[in-house]
Structure formats: C-alpha cells, structure tokens
Amino acid sequence: MKSIIILGSTGSIGTNTLDIVQRFPEEFRVVGLTAGGNVDKLEAQIRSFKPKAVAVSTESSAATLRTRCAGLPVEILAGEDGITQVAAMPGAELVISAIVGAAGLVPTLAAIRTGKHIALANKEPMVMAGKLMQDEAHKHGVRIFPVDSEHSAIFQSLEGHRLEDVRRLILTASGGALWTLTKEQLHSVTPERALQHPNWKMGSKITIDSATLMNKGLEVVEARWLFGISESRIDVLVHRESIIHSLVEYEDRSMIAQLGLPDMRTPISYAMRYPERMPLDLPSLDLTEVGKLTFAKPDHDRFPCLNLGYESLRVGGTMPAAMNAANEVAVEAFLNGGVRFIEIADVIRSTMEAHAQREIAGLDDALEADRWAREKAESLVHALPR
Ligand SMILES: NC(=O)c1ccc[n+]([C@@H]2O[C@H](COP(=O)([O-])OP(=O)(O)OC[C@H]3O[C@@H](n4cnc5c(N)ncnc54)[C@H](OP(=O)(O)O)[C@@H]3O)[C@@H](O)[C@H]2O)c1
C-alpha cells in the first residue's frame with residue numbers, strides 16, 4: 001500500500017488521480033489533500049478518501065471546511081504554510097504535485113526536502129527553479145516522475161537507453177484551440193473560444209497556454225531540467241491528433257515514441273506505480289480508426305510564445321521564472337477580459353526584456369524574480385490602451 005499526498009486535488013489532474021485511487025483502493029492510501037478554494041469538492045473528497053490532513057488557500061475557506069467536517073478525524077490547515085505543511089507531513093512516499101502555477105513551487109520543494117518522491121504535473125515550479133529542484137531531489141534521494149503527457153512519453157521512450165545516445169527530444173504539440181485561425185482572426189479571439197481545446201479537458205490556465213503555445217515553451221524548459229538536455233537538442237512538432245505523445249531520436253537516427261489516446265490517467269498511473277503499469281480499463285487506441293497522423297512545424301509568427309520559452313533558457317538564471325510569472329498574469333488578465341489574446345505574448349516579452357536576470361542560488365531568488373515579474377506584467381497590462 002502506497003501512501004500519497006495530492007497537491008491540487010480538486011483540479012483536473014487531482015480528480016484524475018483520485019479516479020485512479022478509487023479504481024485501486026488496495027494500492028493507494030490518501031493521507032493528505034490540498035486545494036485552492038473549492039471547499040465543496042474538497043469536502044466530498046475528505047468524506048470519500050479520509051485523509052489525515054488537508055489544506056486550503058485561505059483561512060476563511062478553512063473555517064468553512066472545519067464547520068462542515070466537524071467530527072471527522074481530519075486536520076484542516078490554511079494558507080501557503082498550511083499547504084506546505086501537508087506537502088511535508090510524515091507518512092507518505094509519493095506526492096502528486098498538481099497545483100496550477102507558481103503557487104506549487106514552495107510546497108513541491110518542501111515535499112522533496114522531506115524525501116518524498118514526486119509525480120510532477122505542476123510544470124511551473126520546474127520552469128521557475130528547475131536546477132534547484134533537481135539538486136534538492138538528488139540531495140534527498142528523491143525521484144521526480146513526469147506526469148505531463150509529453151514528458152511521460154519521453155521518460156518512457158528513454159527507458160533502457162543511454163542518455164549519451166540521445167540525439168534530440170521531440171515534444172509534440174496539439175496546436176491548441178486556435179491553430180487553424182489566421183493572424184487577423186487571432187485579434188478577436190474570446191476566452192470562451194480559446195478554452196475549446198480539441199483533444200484534452202484541462203484546467204483553464206493550461207488550456208490558454210496550449211492556445212498560445214506558451215505551454216510548449218514551458219514544456220521545453222521543463223524537459224531541459226527533467227532530462228538534463230540542452231534546449232538546442234529539444235524540438236517541437238505540431239501533431240494535431242495528440243496520439244504520439246512525444247519522441248526521442250537516438251544517434252543512429254532511430255526514433256522511439258509513445259502513443260495512446262489522450263487520457264491523463266495513463267501518464268498519472270505510470271508515475272504512481274513506476275516501473276509497473278496499471279491495468280486501466282480505458283478504450284484502446286485503434287490506429288485503423290485514426291487512419292492518418294499529421295505533423296507540421298510550429299508557426300512562430302502566429303504563436304510567438306514558444307520561442308520565448310527557448311529564449312528564457314538561453315538567458316538562463318531567473319529569466320524562466322520571470323517569463324512564467326508574466327504569463328500567469330497575462331493569462332489571468334485575458335480570462336478576465338483585461339488583455340486581448342495576441343497581447344499575451346507582448347506582455348511576456350516586454351516583462352522579459354525589462355528583467356535583469358540573476359543566478360538562482362536558492363529559493364528566494366526564484367521567488368523574488370516571480371514577485372518582480374508579476375508586478376511588472378501587471379503594470380504593463382494596466383498600461384494597455386482600452
Ligand atoms: N490538466 C491536464 O491535463 C494537465 C496536463 C499536463 C500538465 N498539467 C499541469 O498540472 C497542473 C494542474 O493543472 P490542472 O489542469 O489540473 O489545473 P486546475 O484544474 O486548474 O487545478 C488546479 C488545482 O490547483 C489548486 N490551486 C489553484 N490555485 C492555487 C493556489 N494559489 N494555492 C493552492 N492551490 C491552488 C486548485 O484548487 P481549487 O480547485 O480549489 O481552486 C486545483 O486543485 C498545471 O501546472 C498544469 O500545467 C495539467
């Protein structure tokens with residue numbers, strides 16, 4: 001029986017993880033859960049999975065939950081400190097890191113520092129402080145298993161091979177909701193339109209990141225740190241069907257890929273029970289039904305955010321953290337009607353141009369870059385003509 005903690009249990013990855021736990025109750029025990037503000041969903045999860053401790057973002061959400069769960073044997077904590085305490089609590093071997101955005105950095109690092117293995121969905125901390133996270137994981141004997149479908153595919157395609165033999169990593173990209181639109185049409189895209197992802201049902205932030213291709217920019221940075229391969233050897237291939245989840249090319253020009261229908265339960269379960277595979281009762285991929293698979297080069301003119309990901313790695317230090325923070329601010333502003341779709345890239349680029357990058361010697365450097373970039377990006381958003 002493996003004891004697990006889920007950070008971000010009320011989100012898309014969190015609920016998919018609990019779906020797996022429900023299918024294999026003899027294999028996993030949930031000891032800790034955390035959420036932002038979705039008290040209704042967390043209460044239902046407490047009743048079903050009986051964790052020892054949970055945490056939510058605010059004291060008022062915690063107070064509501066304490067009233068509703070009075071009499072249940074669960075400790076209810078609040079704020080970033082409370083979420084971090086749950087991430088670090090003793091008695092768990094694996095933490096599913098599935099908070100969205102930079103808010104996951106401190107708790108995920110706390111989980112690493114207390115020696116728990118990580119199933120990493122929350123890519124933003126790896127973007128902000130990838131080297132620091134890997135150094136800490138090394139120091140504490142922790143393994144970081146990728147959950148992102150592309151990185152899981154690469155992880156699986158690397159199994160049994162030597163890293164020295166890898167020529168390049170190829171991340172596939174669905175192209176998101178807006179791939180077929182012209183540059184002119186992108187000017188008037190609404191949040192509702194951008195949220196209509198063709199293949200994946202995900203949280204709103206990552207769905208917008210998919211539409212801008214910033215998600216792929218973040219994933220290039222994530223891959224650099226997860227696999228220790230420089231950005232010059234990481235390519236992106238647009239593959240609309242999301243059947244090939246990513247590929248590795250070896251020195252002999254042989255390519256190994258991982259395929260499957262788009263369902264996050266496959267990569268989540270692989271990270272949860274590595275190296276064994278779970279017998280998931282999901283539909284099989286029928287390639288005769290798919291018929292053909294298509295591939296295209298990324299279009300950097302219509303979707304400039306991907307190149308910002310590469311650029312952030314070339315500059316290094318705190319630049320990826322600044323880029324990530326600016327993206328979070330711009331995406332939230334877009335969802336709230338404060339910036340237009342095509343302005344998201346402008347806000348990120350201008351923030352990066354203004355950022356004086358420093359080396360990341362410790363967590364505070366990443367957090368300070370995040371704080372600075374949020375302030376800068378917010379001022380840029382407010383200065384936009386309306
Ligand atoms: N969804 C996917 O298929 C997918 C695939 C690959 C990678 N990922 C990555 O996995 C992460 C989660 O994505 P998602 O789609 O599951 O997101 P989501 O559905 O929006 O869920 C996010 C989770 O984080 C919690 N949360 C939000 N803000 C928080 C804060 N400030 N402090 C603490 N908790 C907070 C939310 O709580 P409330 O619900 O209470 O607000 C929720 O539990 C992201 O980094 C994403 O890039 C997702």
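**From overall fold to nonpolar core**

The protein contains 17 helices and 11 strands, as seen here in a predicted model. Its radius of gyration is 20 Å, close to the 21 Å that the globule rule gives for 386 residues, so the protein is as compact as a globular protein of that length. Along the principal axes, the C-alpha trace spans about 60 × 50 × 40 Å.

The balance between interior and surface can be followed from here. Of the 386 residues, 56% count as buried, while the accessible surface comes to about 16,200 Å², with 51% of that area belonging to carbon and sulfur atoms. The contacts add a view along the sequence: among those between residues at least 6 apart, 69% join residues that are at least 24 apart.

Within the interior, the largest nonpolar core has 126 residues, and those with the most contacts inside this core are Ile-4, Leu-65, Ile-96, Leu-178, Met-272, Met-323 and Ile-348. Helix α15, which covers residues 319–335, supplies the largest share of the core, namely 9 residues. Because domain 1 (2–146) and domain 2 (151–262 + 282–383) both give residues to this core, the core lies between them.

Leu-178, one of the residues with the most contacts inside the core, can serve as a place from which to look around. Which residues is Leu-178 in contact with, leaving aside its neighbours within four places in sequence? They are Leu-186, Val-189, Arg-193, Ala-194, Ala-211, Arg-302, Phe-303 and Phe-341.

Key
Residues are numbered from 1 along each chain as its sequence is written. This is a predicted model: local features need pLDDT of at least 70, side-chain atom pairs count only at pLDDT 80 or more; totals for chains, interfaces and linings use all residues. Side-chain values use heavy atoms; hydrogens and water are left out. A nonpolar core is a set of buried Ala, Val, Leu, Ile, Met, Phe, Trp, Tyr and Cys residues joined through side-chain atoms within 4.5 Å. Buried means under 20% relative accessible area, exposed over 50%, partly exposed in between (1.4 Å probe, protein chains only). Helices (H or I, at least four residues) and strands (E, at least two) are DSSP runs, numbered from the N terminus. Domain bounds come from an automatic or database domain assignment. Contact means heavy atoms within 4.5 Å. The radius of gyration is taken over C-alpha atoms; the globule rule is 2.2 Å times the number of residues to the power 0.38. Accessible areas come from the Shrake-Rupley method with a 1.4 Å probe; for residues, only the protein chains shown count as cover.
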